[in-house]
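Student: I am new to this structure. Please pick one part of it and take me through that part closely, along with whatever is needed to place it.

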Amino acid sequence: MKKEKNDLMEKIVSLAKRRGFVYLSSEIYGGFASIYDYGPYGVELANNIKDFWWKEMVQLREDIVGLDSAIFMNPRIWEASGHVAGFSDPLTECKNCHARFRMDHLLEEIKVQADEKMTEDEINKIFKENIEKIACPSCGKKDFAEGRKFNLLVKSNLGNITDNPSENPAYLRGETCQGIYVNFKNVLDSVRVKIPFGIAQIGKAFRNEITARQFIFRTREFEQMEMQYFLDPEDEMKEYEKLKKARWDYYLKLGLNEKNLKWHKHEKLVFYAKAAYDIEYRFPFGFGELEGVHARGDYDLSQHAKFSGKDLSYTEPKTGKKFIPHIIESSVGVGRTVLAVLTEAYMEEKIDGGERVVMKFPKNLAPIKIAVFPLLRNKPELVKYAQEIFNDLKEDFMCEFDDNGNIGKRYRRQDEIGTPYCVTVDFDTLEEDTATIRDRDTMEQKRIKITDLKRFFVNNL
Ligand code: ATP
């Protein structure tokens, strides 16, 4: 059960493509940098992750409600949020090969602390002090251009008759939470919530990321799962600790191993933040941010109150106490979670006569729950019987029917997509109405009565 860490990433990327989890976008046109598509099994996996998040965040929480706000919003929102002026990464270019890099990432590689929130002057100063040590990751030359801040918001020409996105641009949202902040009052006035309460949302976000690398870890179009919790300023830090614990427990429940998770504390906070921690996961390339859990003070609602001219304060119904709600948030990417789940699940095992690759997804996340096979494809009685079982099970579970190739190959294929159970219809089935169930993890097979099949899966999936 070994994982060769150094080439694990390559193996995951290759399996993801070969087995229909993740494809490079526009591949037949040579791809499109830092954009990916989810294939038939990838979309099932991502949907299962989103369902799990939604259940934990909304269904099981009486104090959190859902929302689906639009990708396009009034451009003033991005001024209020600070994104137009300050949502930027420090960019430099190799003068030799013209590859572009984030300066904070280049500094990180030589173990010099810097971050994307530094001003242009601050980061250029540190960069120049270390310039002798920084080689271009693409061509190896040490010759970089002066750095500049590069805004990450993606512009569009929506509603703009000049066709020029630089004039009055409507942005594609850079994060989903702004749609939550600007709907705070709508939710408060239309459904029965009282502070403290949260609003949760899953949706696409877009960022003009400079460095296109690390597969689906950092993409220019991605999906976020965010929850913003509105509260009385006095309760902010107490609730923040509760949220941190809930989010840690969530990842254990999702099936990530605790030894692959750690907290990262932000030492340098933006001026309004009360506290900021990230949950990091041990990806094949090392620990990286999976989720941010932040205490944001009253910044978001104050800014939107100021820019919109609307009163976004809250009055306690019982005490009459009036305040601008503070916000604590949980924000995680779907793609990063998919990559963490793929990393955690990937196993190579020695078995009789060779080796197998098996994706040991938790059953609730597995894209296909049950595969149904007739032992032989050229025996119509077996095929018909297997099809009947498949038609019955598919009403309740995501199933797949496969009569292609020898049975060993079919098992290997299902192992690689992480299907927990395979049901095989053979000649004994016709005689005695039983079939074999093969368990993905133990590879054990047992015979079971057809009439007990559904109950077995209801109990075990
Ligand atoms: P990073 O420092 O890695 O660029 P960030 O701190 O800018 O990330 P946030 O703005 O806090 O990220 O976004 C919250 C979450 O959204 C991240 O924890 C991550 O899971 C996800 N996310 C952010 N940017 C991307 C991206 N370009 N591709 C995929 N997921 C992303």
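Tutor: Take the open sheet of 7 strands, whose order is β3-β9-β10-β16-β13-β12-β11 and whose pairing is mixed. Its edge strands are β3 and β11 (261-265), each of which pairs on one side only. Neighbouring strands in this sheet are turned by 25° against each other on average, direction ignored.

Some conventions come before the details. This is a predicted model, in which local features need pLDDT of at least 70 and side-chain atom pairs count only at pLDDT 80 or more, while totals for chains, interfaces and linings use all residues. Residues are numbered from 1 along each chain as its sequence is written, and side-chain values use heavy atoms, with hydrogens and water left out. Helices (H or I, at least four residues) and strands (E, at least two) are DSSP runs numbered from the N terminus. Two strands count as paired if DSSP finds at least two bridges between them. Strands of a sheet pair through backbone hydrogen bonds, either parallel or antiparallel.

Now follow the sheet from the β3 edge. Strand β3 (residues 64-67) and β9 pair in the parallel sense over 4 bridges. Within this pairing, Leu67 has Gln201 of β9 as its bridge partner.

The next pairing is antiparallel: 10 bridges join strand β9 (residues 197-206) to β10. Two positions help to find it on the model. Lys204 stands opposite Glu223 in β10, and Phe206 has Glu221 of β10 as its bridge partner.

From β10 the sheet continues to strand β16 (residues 326-333), joined to β10 by 8 bridges and running antiparallel to it. Here Tyr229 is matched with Ile328 in β16 as its bridge partner. Strand β13 (residues 286-295) is also antiparallel to β16, with 5 bridges between them. In that pairing Val293 stands opposite Ser330 of β16.

Two helices are placed against this sheet. Helix α2 (residues 40-59) packs on it and touches β3, β9, β10 and β16; the direction of α2 makes about 160° with that of β9. Helix α11 (residues 334-345) packs on the sheet as well, touching β10, β12 (275-283), β13 and β16, and its direction makes about 40° with that of β12. Such angles run from 0 to 180 degrees between N-to-C directions, and the axes are lines fitted to C-alpha atoms, for helices over the stretch in contact. Contact means heavy atoms within 4.5 Å.

How covered are the strands? A residue is called buried under 20% relative accessible area, exposed over 50% and partly exposed in between (1.4 Å probe, protein chains only). In β9, 9 of the 10 residues are buried, so β9 is largely enclosed by the rest of the structure. Strand β10 (residues 221-231) is mostly covered too, with 10 of its 11 residues buried.

One further residue belongs in this picture. Glu239 lies in helix α9 (residues 236-254) and is buried, with a relative accessible area of 10%. Leaving aside its neighbours within four places in sequence, Glu239 is in contact with Tyr229, Leu231 and Ile328. Tyr229 and Ile328 are the bridge partners met above between β10 and β16.

To place the sheet in the protein, turn to the domain assignment, whose bounds come from an automatic or database source. This assignment gives domain 1 (2-75 + 157-342), domain 2 (88-151) and domain 3 (368-460). The C-alpha centres of domain 2 and domain 3 lie 55 Å apart.

There is another sheet to set beside the one above. It is open, has 5 strands in the order β20-β19-β21-β22-β23, and its pairing is mixed. Strands β20 and β23 (445-449) are its edges, each pairing on one side only. The twist averages 25° from one strand to the next. Between β19 and β20 there are 3 bridges, and these strands run parallel; Ile370 stands opposite Cys399 in β20. Helix α12 packs on this sheet, touching β19, β20 and β21, and its direction makes about 165° with that of β19.
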